[in-house]
Protein chains: 2
Amino acid sequence: MPGFVNAHTHVPMAAFRGACEDVRDRLLRYIFPMERELVTPELVYWSSLFSLTEMSRSGTTAFADMYYFEHEVAKATAAIGMRGLLGETVLGQPAPDSKEPYGGLEYARRFIATWKGHDLIQPCIAPHAPYTVDFSGLERVRDEAEYSGVDIMMHIAETEPEHRQFSASHGSVLKYLDSIEGFLSPRLLAVHMIYLDESDIELAAARGFRVAHCPASNAKSGRPICPAWRMIQAGIPLGLATDGPLSGNGMDLQGVLNIYPKMQKVREGRRELLPAAEALRAATMGGAQALGLGTEIGSLEKGKRADFIVVDTEDFNMQPIYDWNAAVVFGMRPHNVESVFVGGRQIVAEGRTLLVDQDEIMSEMRKLREKCASFIARLTYPS
Amino acid sequence: MPGFVNAHTHVPMAAFRGACEDVRDRLLRYIFPMERELVTPELVYWSSLFSLTEMSRSGTTAFADMYYFEHEVAKATAAIGMRGLLGETVLGQPAPDSKEPYGGLEYARRFIATWKGHDLIQPCIAPHAPYTVDFSGLERVRDEAEYSGVDIMMHIAETEPEHRQFSASHGSVLKYLDSIEGFLSPRLLAVHMIYLDESDIELAAARGFRVAHCPASNAKSGRPICPAWRMIQAGIPLGLATDGPLSGNGMDLQGVLNIYPKMQKVREGRRELLPAAEALRAATMGGAQALGLGTEIGSLEKGKRADFIVVDTEDFNMQPIYDWNAAVVFGMRPHNVESVFVGGRQIVAEGRTLLVDQDEIMSEMRKLREKCASFIARLTYPS
């Protein structure tokens, strides 16, 4: 079958996975301080390879990512042989790779110049969110993306305070962003998109941008259920995503695929809605479209890149099979993936990575964990 | 760690898994006709062994089950070496193992006499639901359970029509059941319990019965989110469950454990609610209490039975570990289970069953699938 496409991740955050779980105001109180103290190019490189190992072994062939030191993510992606739409984060405050606000813009320029035209890597630019990058910052991002001919990737309508802030000022987050001329365009990959009313969905469809839907991560944060099915009905290209390892934990797309149609059925109160074949589409073709690669990957068709996986359907959890889509959507687990090919090149065989040494990656992760643990313990248990 | 306890299943339905997915009115239009045509003692035995293979290999050591020909389920359970609370279904209509309504009562009597006192099997009696067993039928079930000293297991407050019917007549399903003297008692394991208001939760707590919560199966049916966290706050013993392979598909408890705290966080809109340690409790000790075995299993303590599993935490999906509970709840997948012990006896080693031949079970399932496929195809695509 076609490889899974993970439409939104922060792969370098694997080193922090499982820390500071189940706490309020996690981003501002825990994650931002942790990142400022601990994120280095070395952490980003090895931690990315760690996530990508879990992802590729569970059948993901392409993904979209935003983080700091994204050059290191690109190196890791090329090393393991996966396909990535990768965006350097732009923040209106100091970040791990920039002491100046908006330093990410300068980094993004160099990053794009370095990777543009690479066979596996599509560089882009990733403003963090409407509440961390201001109006003029978003205008600069838009200009930079247009000038370089790259995509924009941003968290949109993800949090309740963001929703309240922009509803009060502009009617909704999306209407605020639409007040920035040309910002809502087919160039945009909008991530999360939870707080939307019907007029926002119409606006999104009219502007022609793409959406990454993170049902497991959103639920873990206690957010309302995203109107994903309604966006699909409106014709919006929508891909499934894990989100980062700190937000969604498991980096296999099976866990997300299992939860996605269920939560939509709950939201709409209809068991027949989003049947398995349609659900699976979001994890393959929908993801390809979210990455802007709908004509190149996402399905097994003549003329497309050979991004595919071989699944061992003979294990108990996938049998019996009356309906292949249901077996994949509800039954498949990461260990069923036997081998993985990207662009015709095999990158996983019998559950092991072929182009990178996964034992070395695990060993580097152990060192990173030791470096992070004492700082994280102080954050988790404040005095 | 202690083995997982699956508080509600219909293990013999594995032969039908993946058929007739994502359709309206599934139980009455598809499942009941399929069962009347296809369910035989032979199907029940092999199909149970099939589910139990998937369950034990993914770390489940004990479970509760209700179906027809439950004697065959008990044989399969004893053969694979698992622990089961097993109830013969009672229906007020003809059933696969009885041409007469309420024939399950007679079967249950023999079943209880055969298995009572067995080290691994606790027989009980399982009226299907308030809308399929009438008032006097439930009185007979209550009398039989009291006479035999066994538990009662029943689907309660699961469906919208049931909720409407008994809300109109008695205020709620639970209030209707409370009008049957002595029916709501500590002897009862109530399954689903979705449609409850605060007064129902108070009533359930006051009557002292136990609950099996099936978040993945309920969501797949598009039902509202069960107030599981609220029941736990009220002191009601609550265990996690997959439900049957046709309703929940995956029979590993990891898939359910992954979805359970997330859906409760969504329901209550609070990310800090039901932290990993508490979520894990429902899959172990909560399940043990649901089965009425809280003093015997569910935790690793001196004096309890040695029902435990060995987990390989060295794989990428479980690392790094800052918080063991988070690693298990959000990160663990079925393939991480290395070995499984029930009552001190090893039943799974290196992912393979030790007491039954899993290749033979798979081969029998292939034959069952062939027998079922043509009938199911006619049901799935009505002319």
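Begin with the interface of this predicted model. Select the interface residues of chain B: 100% of them are also interface residues in chain A, so the copies meet through the same surface.

Next, display both chains and superpose chain B on chain A. A rotation of 180° with 0.0 Å of shift along its axis achieves this, with an RMSD of 0.0 Å. The two copies are thus related as by a two-fold rotation axis. To locate that axis in the viewer, select B:His335. Among the residues of chain B, the C-alpha of B:His335 comes closest to the rotation axis, at 3.2 Å.

Now colour the model by confidence. In chain A the mean pLDDT is 96, and 99% of the residues reach 70 or more. For the complex, the predictor gives an ipTM of 0.96 and a pTM of 0.97.

Then hide chain B and show chain A as a cartoon. Its secondary structure comes to 15 helices and 12 strands. Taken along the principal axes, the box filled by the C-alpha atoms of chain A is roughly 55 × 50 × 45 Å. A compact globule of 383 residues would have a radius of gyration near 21 Å, and the 20 Å of chain A agrees with this.

Stay with chain A and turn to its packing. Contacts between residues 24 or more positions apart account for 72% of those with a separation of 6 or more. Of the 383 residues in chain A, 67% are buried.

Finally, switch to a surface view of chain A. The accessible surface comes to about 12,800 Å², and carbon and sulfur atoms hold 49% of that area.

Notes:
Residues are numbered from 1 along each chain as its sequence is written. Chains are lettered from A and ligands numbered from 1 in the order in which they are written. This is a predicted model: local features need pLDDT of at least 70, side-chain atom pairs count only at pLDDT 80 or more; totals for chains, interfaces and linings use all residues. Side-chain values use heavy atoms; hydrogens and water are left out. Copies are superposed by least squares on the C-alpha atoms of residues with pLDDT of at least 70 in both. Contact means heavy atoms within 4.5 Å. pLDDT is the predictor's confidence in each residue, from 0 to 100. Helices (H or I, at least four residues) and strands (E, at least two) are DSSP runs, numbered from the N terminus. The radius of gyration is taken over C-alpha atoms; the globule rule is 2.2 Å times the number of residues to the power 0.38. Buried means under 20% relative accessible area, exposed over 50%, partly exposed in between (1.4 Å probe, protein chains only). Accessible areas come from the Shrake-Rupley method with a 1.4 Å probe; for residues, only the protein chains shown count as cover.
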